[in-house]
Amino acid sequence: MPVAKTPRPTSGRGSRNLQRVAVVIPAKDESERIAATVRSARAIPHVDLVLVVDDGSEDDTQHVARDAGAVVVRHSHNRGKAAAMETGAAVVAMRDADGRPPRLLLFLDGDLGDTAVNTAPLVAPVREGVADMSIALLPPQKGAGGRGIVVGTARRAIQHLTGWSPSQPLSGMRCLTREAFEAATPLAHGWGVETGMTIDLLRQGYVAVEVPCDLRHRPSSNDLKGQLHRAAQYRDVVLAVNARRLRGTVDAVRGIGKPRGPVHR
């Protein structure tokens with residue numbers, strides 16, 4: 001079995017693991033689905049905080065999420081997913097209790113609805129010290145468009161730079177230790193955040209695993225809007241990868257950045 005790089009927290013009385021989990025949901029204009037997502041996320045074992053970061057929504061996302069039981073923080077204007085994730089992690093850190101291990105961070109998309117609870121399997125490998133980051137493997141999504149160009153680009157880049165070829169490199173449903181999240185910051189911009197995070201953590205010797213989760217979300221279709229979305233994804237993934245290639249070259253010249261090989265399953 002892999003062993004996570006992040007030290008496991010000291011257990012409490014009776015060797016019971018007291019580590020809790022915070023769900024962080026970056027959301028923009030998700031008023032139709034956010035309530036179901038929040039309610040479902042609250043049912044995940046070990047979760048004691050559901051935080052929605054409203055990233056400049058123009059609808060009632062923040063009010064609907066709060067009424068559903070989430071703690072809500074809001075960006076006054078849209079700053080992008082990476083900024084929302086960083087805001088969420090910072091707020092969780094401020095709410096962590098003294099004397100207890102930092103909460104694990106479980107990042108979810110706002111459109112998962114009632115299936116959000118099915119991300120529960122992501123928690124166990126991180127909480128039990130098998131991995132520093134777990135990534136959800138989603139089943140095929142009805143109505144999804146595209147030909148896998150962006151996914152293939154991200155997968156090949158991750159394999160080239162780390163030796164690992166993930167099945168779903170763009171999956172946004174991830175559970176991380178606080179240490180791993182901080183090691184991945186600053187996060188890559190826009191839709192390159194997942195690709196950049198994976199490369200950065202594996203290069204530093206953190207352990208990643210992929211876990212099947214029965215999730216349903218709103219896929220991008222093959223219409224003009226969907227094509228523009230995938231074009232933006234491709235742009236951001238390429239920017240994230242190129243930044244890390246350059247960083248790797250600089251580190252190699254300096255003689256630093258020699259992590260152990262990536263561990264996955």
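**Entry: Ile135**

I started at Ile135, which is found in strand S5. I kept in mind that this is a predicted model. Is Ile135 buried or exposed? I read a relative accessibility of 1%, so Ile135 counts as buried, the cut-off being under 20%. I then listed what Ile135 touches, leaving out residues up to four places away in sequence. The contacts are Leu122, Trp164, Gln168, Ser171, Met173, Arg174, Thr198, Val209, Glu210 and Val211. I also checked Ile135 against Cys175, 40 residues apart along the chain. Their C-alpha atoms are separated by 6.8 Å.

**Entry: S5 and S6**

Next I looked at how S5 is paired. Strand S5 covers residues 133–137 and strand S6 covers residues 174–176. I found three bridges joining S5 to S6, and the two strands run antiparallel. Which residue of S6 stands opposite Met133? I found Leu176 there.

**Entry: Thr198 and helix H7**

Thr198 was on the contact list of Ile135, so I moved there, to a residue with 1% relative accessibility that counts as buried. I placed Thr198 in helix H7. Apart from residues up to four places away in sequence, Thr198 touches Met133, Ile135, Ile158, Trp164 and Arg174. Trp164 and Arg174 also appear among the contacts of Ile135. I then took the helix as a whole. H7 comprises residues 193–203 and lies across S5, S6 and S7. I noted that H7 runs at about 35° to S6.

**Entry: the whole sheet**

I stepped back to the sheet. In what order do the strands lie? I read S3-S2-S1-S4-S6-S5-S7, seven strands in an open sheet with mixed pairing. Strand S3 (71–75) and strand S7 (208–212) stand at the edges. Each has a single partner strand, so one side of each is left without a neighbour in the sheet. I also noted the twist: neighbouring strands of this sheet are turned by 20° against each other on average, direction ignored.

**Entry: S1**

I went on to S1, residues 21–27. How many of the residues of S1 are buried? I counted seven of seven, and S1 is mostly covered. I sorted the residues by direction. Val21, Val23, Ile25 and Ala27 point one way from S1. Ala22, Val24 and Pro26 point the other way. Residues on both sides are buried.

I then checked the partners of S1. Seven bridges join S1 to S2, and the two run parallel. Val23 stands opposite Val50 in S2. I followed the chain from S1 through helix H1 (residues 34–41) to S2 and logged a right-handed β-α-β crossover. S1 is also joined to S4, by four bridges, and this pair runs parallel. Here the bridge partner of Val23 is Leu106 in S4. Val23 is thus bridged to Val50 in S2 and to Leu106 in S4.

**Entry: S2 and S3**

I looked at S2 next, residues 47–55. Eight of its nine residues are buried, so S2 is largely enclosed by the rest of the structure. Five bridges join S2 to S3, which run parallel. Which residue of S3 stands opposite Val52? I found Val72. The chain gets from S2 to S3 through helix H2 (residues 61–67), and I logged this β-α-β crossover as right-handed.

I also looked for a helix over these strands. Helix H3, residues 81–95, lies across S1, S2, S3 and strand S4 (104–107). I noted that H3 runs at about 140° to S2.

**Entry: Lys5**

I closed with Lys5, in the segment before S1. Lys5 has a relative accessible area of 37%, so I entered it as partly exposed, the class between 20% and 50%. What does the charged end of Lys5 sit over? I found the ring of Tyr206, with the charged end 4.4 Å from the ring centre. I also checked Lys5 against Val130, 125 residues apart in sequence. In space the two are 8.9 Å apart, C-alpha to C-alpha. As a last look at rings, I counted one aromatic pair in the model.

Note on methods
Residues are numbered from 1 along each chain as its sequence is written. This is a predicted model: local features need pLDDT of at least 70, side-chain atom pairs count only at pLDDT 80 or more; totals for chains, interfaces and linings use all residues. Side-chain values use heavy atoms; hydrogens and water are left out. Two strands pair if DSSP finds at least two bridges between them. Axes are lines fitted to C-alpha atoms, for helices over the stretch in contact, and angles run from 0 to 180 degrees between N-to-C directions. Contact means heavy atoms within 4.5 Å. Rings of Phe, Tyr and Trp (its six-membered ring) pair if their centres lie within 6.5 Å; planes under 30 degrees apart count as stacked, over 60 as edge-to-face and the rest as tilted. A charge sits over a ring if NZ of Lys or CZ of Arg is within 6 Å of the ring centre and within 35 degrees of the ring normal. Buried means under 20% relative accessible area, exposed over 50%, partly exposed in between (1.4 Å probe, protein chains only). A crossover is right-handed if, with the strands pointing away from the viewer, the path from the first strand over the helix to the second runs clockwise.
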